[in-house]
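Let's take a walk through a protein structure together. Keep the sequence and the 3D view side by side as you read.

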Amino acid sequence: MTITIGINGFGRIGRLVMRAAANKPNIKIVAVNDPFIPVEYMEYMYKYDSTHGRAPEPVSHDPANKTVTIGNNTIKVFEEMDPTKIDWGSAGADYVVESTG
């Protein structure tokens with residue numbers, strides 16, 4: 001059974017959650033919310049982490065669809081100030097990790 005997760009906040013904690021999930025076959029990140037980080041910069045920060053180094057898998061983004069793709073996993077990106085307004089289920093999330101600090 002795969003656990004599907006959304007991440008609220010894509011700072012240091014959110015990116016660490018994403019990296020940890022990338023190594024777990026039963027966990028899939030399906031959505032990220034961060035109103036302060038554009039999707040282009042999300043790709044860059046994940047790909048070139050100053051502490052944990054470069055991401056081992058390919059990373060790309062699609063600004064038109066507001067998605068980030070890590071390996072073969074395409075992740076929906078939200079830019080909502082109030083995460084309670086997000087329909088996390090529309091992205092397939094069963095759980096949401098609060099990582100805004």
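**From the buried residues outward**

Start with Asn-33, which is buried, with a relative accessible area of just 1%. Keep in mind as you look that this is a predicted model. You'll find Asn-33 in strand S2, which runs over residues 27-33. What does the side chain of Asn-33 reach at 2.8 Å? That would be the backbone nitrogen of Glu-80. Setting aside residues up to four places away in sequence, Asn-33 touches a good list of others, including Ile-7, Asn-8, Phe-10, Phe-78, Pro-83 and Trp-88.

Now hop over to another buried residue, Thr-4, which has a relative accessible area of 13%. Buried here means under 20%, so Thr-4 falls in that class. Thr-4 lies in strand S1, and its side chain has two partners to look for. One is the backbone oxygen of Gly-92, reached at 2.6 Å. The other is the side chain of Asp-94, joined to that of Thr-4 by a polar contact of 2.9 Å. Beyond residues up to four places away in sequence, Thr-4 also touches Lys-28, Val-30, Ala-93 and Tyr-95, among others.

Time for the greasy part. In soluble globular proteins, nonpolar side chains tend to be buried together. Here, the largest nonpolar core has 18 residues, and the ones that touch the most other members are Phe-10, Met-18, Ile-29 and Val-32. Strands S1, S2, S6 and S7 each give two or more residues to this core, and so do helices H1 and H2. Which element gives the largest share? It's H2, with four residues.

Val-32 is a handy place to look around from. Leaving aside neighbours within four places in sequence, Val-32 is in contact with residues including Ile-7, Phe-10, Met-18, Met-42, Ile-75 and Val-77. Apart from the largest core lies another one, of six residues, with Val-30, Ala-31, Phe-78 and Ala-93 among them.

Back to H2 for a moment. Its buried residues are Val-39, Met-42, Glu-43, Met-45 and Tyr-46. Those buried residues pack against H1 and against strands S2, S3, S5, S6 and S7.

Next, the largest pocket, with a volume of about 210 Å³. It is lined by 15 residues, and the closest to its centre are Ala-21, Ala-22, Ile-27, Ile-70 and Asn-73. H1, S2 and S7 each supply at least two residues of the lining. What kinds of residues line this pocket, by class? There are nine nonpolar, three polar and three charged ones.

Let's finish with two residues that are partly exposed. Val-96, in strand S8 (residues 95-98), counts as partly exposed because its relative accessibility is 39%. Not counting residues up to four places away in sequence, Val-96 touches Gly-6, Asn-8 and Trp-88. Compare its place with that of Val-32: the two are 64 residues apart in sequence, and 9.1 Å apart in space, C-alpha to C-alpha.

The other one is Lys-66, which sits in the loop between S5 and S6. Lys-66 counts as partly exposed because its relative accessibility is 37%. Take a look at its backbone, too: phi of Lys-66 is near 50°, a positive value in a residue other than glycine.

Conventions. Residues are numbered from 1 along each chain as its sequence is written. This is a predicted model: local features need pLDDT of at least 70, side-chain atom pairs count only at pLDDT 80 or more; totals for chains, interfaces and linings use all residues. Side-chain values use heavy atoms; hydrogens and water are left out. Buried means under 20% relative accessible area, exposed over 50%, partly exposed in between (1.4 Å probe, protein chains only). Contact means heavy atoms within 4.5 Å. A polar contact is a pair of N or O atoms within 3.5 Å; within protein, one must be able to donate a hydrogen and the other to accept it, and residues adjacent in sequence count only if both atoms are side-chain atoms. A nonpolar core is a set of buried Ala, Val, Leu, Ile, Met, Phe, Trp, Tyr and Cys residues joined through side-chain atoms within 4.5 Å. On a 1 Å grid over the protein atoms alone, a cavity is a set of points where a 1.4 Å probe fits but cannot get out, and a pocket is an open set with protein on both sides within 12 Å along at least five of seven lines; lining residues have an atom within 4 Å of a point. Grid points are joined across faces, edges and corners, and a volume is the space filled by probe spheres set on the points. Ala, Val, Leu, Ile, Met, Phe, Trp, Tyr, Cys and Pro count as nonpolar, Asp, Glu, Lys and Arg as charged, and the others, Gly among them, as polar.
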